[in-house]
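Subject: Structure handover

Hello,

Here is the structure you were waiting for. Please open it alongside this email and go through the notes below with it on screen.

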Amino acid sequence: MIFSILLVALARVDVPYDVIATNYETKYSEFVDIDIQSLEGETLPLTIHVQKFNEDKEDVIVLIHGVFSSSHTFMEAASLLDDYHVILIDLPGHGLSSLYPDDVTSLRRHSDVVFETLQALDIDSFFLGGNSLGGGVSWYVLYQYQTLLDIKGLILIDALSPELVSMMATPSLSFIPSFLINILSSMTPRGLFSLTLDQVYGDETPSDAMIQRHYDLVRREGVRRQVPAFTWEPIDDIDFYEVIHQSNIPVMIVWGQDDQVIPVDVAYQFADRITSHTLIIYDGVGHEPHGEHTETFVSDLITFINS
């Protein structure tokens, strides 16, 4: 009885993809068809949503969002980067990009997606960065593809560290009956996102539009079912800090002092292991400096690029 009441109170239905796309495609949107390989070597077709700003500009900046987020998180920052060709990528299962059809995810897969998407866009020289999961994907792209790409600089915004990624490589929950996964994952009331984003942000208050966007995109058909069903591939057992250090590319490490998701100690951990770095800590800021102090972040990013 109690479970039935909770289900009625908390469950939210999926929203068809077409409805989500109508609401969240922008004038900057483009859809790119790519192929990646499954663990068995089979071809997996994906359609990746990107947003492209100032395509006539020469210098390119590629930015990648965090988990349960989307390319939209960087739109305000991209709109201020007038002198740069900015490309924002939705990772699979986020924003308007395809889901992984076999419920397997990893930094390796995400980095393959980024590489194949940029190849399809004919982009091979750029500054690369991301927030949270997107920061982890960024340093993994460097690890996998630095001999094939000209990565001019790395921008780590409250980024996943190698240690945190290793902790995410957990067994699949596929042993749980699918009907139970569907029931539990449907319990995502809007208030949950309001509370979560309040924790993610520092002194700033997340806007109602931001809360609504997160609420809408996670209810896109298939997304909530896939999250608990995912199998995470483990990352390679190497010293990724040394990989970044040995690349000799400049690294911008940006963090919110009040980040409750990935604490600021991780920023200093990156800084201790990487010689060629610029470390910037924002007081009163949480997990998303690019959204909380957008103008300051953009100014610091331009300074980093120009230096």
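The notes below start with the whole chain, then take up some helices, a pocket and a few single residues.

Overall

Please keep in mind that this is a predicted model. The protein has 14 helices and ten strands. Of its 307 residues, 53% are buried. Among contacts with a separation of 6 or more, 77% are between residues 24 or more positions apart.

Helix H2

H2 runs over residues 17–24. Its buried residues are Ile20, Ala21 and Tyr24. Viewed down the axis of H2, these buried residues fall within an arc of 100°, so they line one face of the helix. The face turned away from that buried side carries Asp18, Thr22 and Asn23, which are exposed. H9 is included in what covers the buried residues of H2.

Helix H5

H5 covers residues 133–145. Eleven of its 13 residues are buried, so H5 is largely enclosed by the rest of the structure. Gly134, Gly135 and Gly136 are among the buried residues, as are Trp139, Tyr140 and Tyr145. The length of H5 can be checked: at 1.5 Å a residue its 13 residues should span 18 Å, and the end C-alpha atoms are 18 Å apart, which agrees.

Helix H14

H14 takes in residues 294–306, and the length check works here too: the 13 residues should span 18 Å at 1.5 Å a residue, and the end C-alpha atoms are 18 Å apart. The buried residues in H14 are Thr294, Phe297, Val298, Leu301, Phe304 and Ile305. Seen down the axis of H14, they fall within an arc of 125°, so they line one face of the helix. Glu295 and Asn306, on the other side of H14, are exposed.

The second largest pocket

The second largest pocket holds about 240 Å³ of space. It is lined by 16 residues, and those closest to its centre are Glu76, Tyr201, Ser207, Met210 and Gly291. Three elements give two or more residues each to the lining: helix H3 (75–80), helix H9 (208–218) and helix H13 (289–292). H9 supplies the largest share, three residues. H9 also belongs to what covers the buried residues of H2. Sorted by class, the lining of this pocket has five nonpolar, six polar and five charged residues.

Two residues with positive phi

Most residues other than glycine have a negative phi. Which residues go against this here? Phe68 has a positive phi of about 60° and is not a glycine. Ser132 likewise has a positive phi of about 60° without being a glycine.

Both are in loops, Phe68 between strand S3 (60–64) and H3, and Ser132 between strand S6 (125–131) and H5. Phe68 has a relative accessibility of 46% and counts as partly exposed. The cut-off for buried is under 20% relative accessible area, and Ser132, at 7%, counts as buried.

Tyr28

Tyr28 sits in the loop between H2 and strand S1 (29–37). Its relative accessible area is 25%, which makes Tyr28 partly exposed. Leaving aside neighbours within four places in sequence, Tyr28 is in contact with Val50, Gln51, Lys52, Phe53 and Met75. Tyr28 and Ile87 are 59 residues apart in sequence, and their C-alpha atoms are 9.4 Å apart in space.

Ala267

Is Ala267 buried or exposed? With a relative accessible area of 0%, Ala267 is buried. It lies in helix H12, residues 265–273. Outside its neighbours within four places in sequence, Ala267 is in contact with Ile253, Trp255, Leu279 and Ile281. Ala267 and Gly256 are eleven residues apart in sequence, with 9.3 Å between their C-alpha atoms.

To begin viewing

One place to start is H14, with its buried residues within an arc of 125° and Glu295 and Asn306 exposed on the other side. H5 can be viewed next, with eleven of its 13 residues buried. The second largest pocket can then be found from Glu76, Tyr201, Ser207, Met210 and Gly291, the lining residues closest to its centre.

Regards

How values were computed:
Residues are numbered from 1 along each chain as its sequence is written. This is a predicted model: local features need pLDDT of at least 70, side-chain atom pairs count only at pLDDT 80 or more; totals for chains, interfaces and linings use all residues. Side-chain values use heavy atoms; hydrogens and water are left out. Helices (H or I, at least four residues) and strands (E, at least two) are DSSP runs, numbered from the N terminus. The expected span of a helix is 1.5 Å times one less than its number of residues. Buried means under 20% relative accessible area, exposed over 50%, partly exposed in between (1.4 Å probe, protein chains only). The arc is that of the directions from the helix axis to the C-beta atoms. On a 1 Å grid over the protein atoms alone, a cavity is a set of points where a 1.4 Å probe fits but cannot get out, and a pocket is an open set with protein on both sides within 12 Å along at least five of seven lines; lining residues have an atom within 4 Å of a point. Grid points are joined across faces, edges and corners, and a volume is the space filled by probe spheres set on the points. Ala, Val, Leu, Ile, Met, Phe, Trp, Tyr, Cys and Pro count as nonpolar, Asp, Glu, Lys and Arg as charged, and the others, Gly among them, as polar. Contact means heavy atoms within 4.5 Å.
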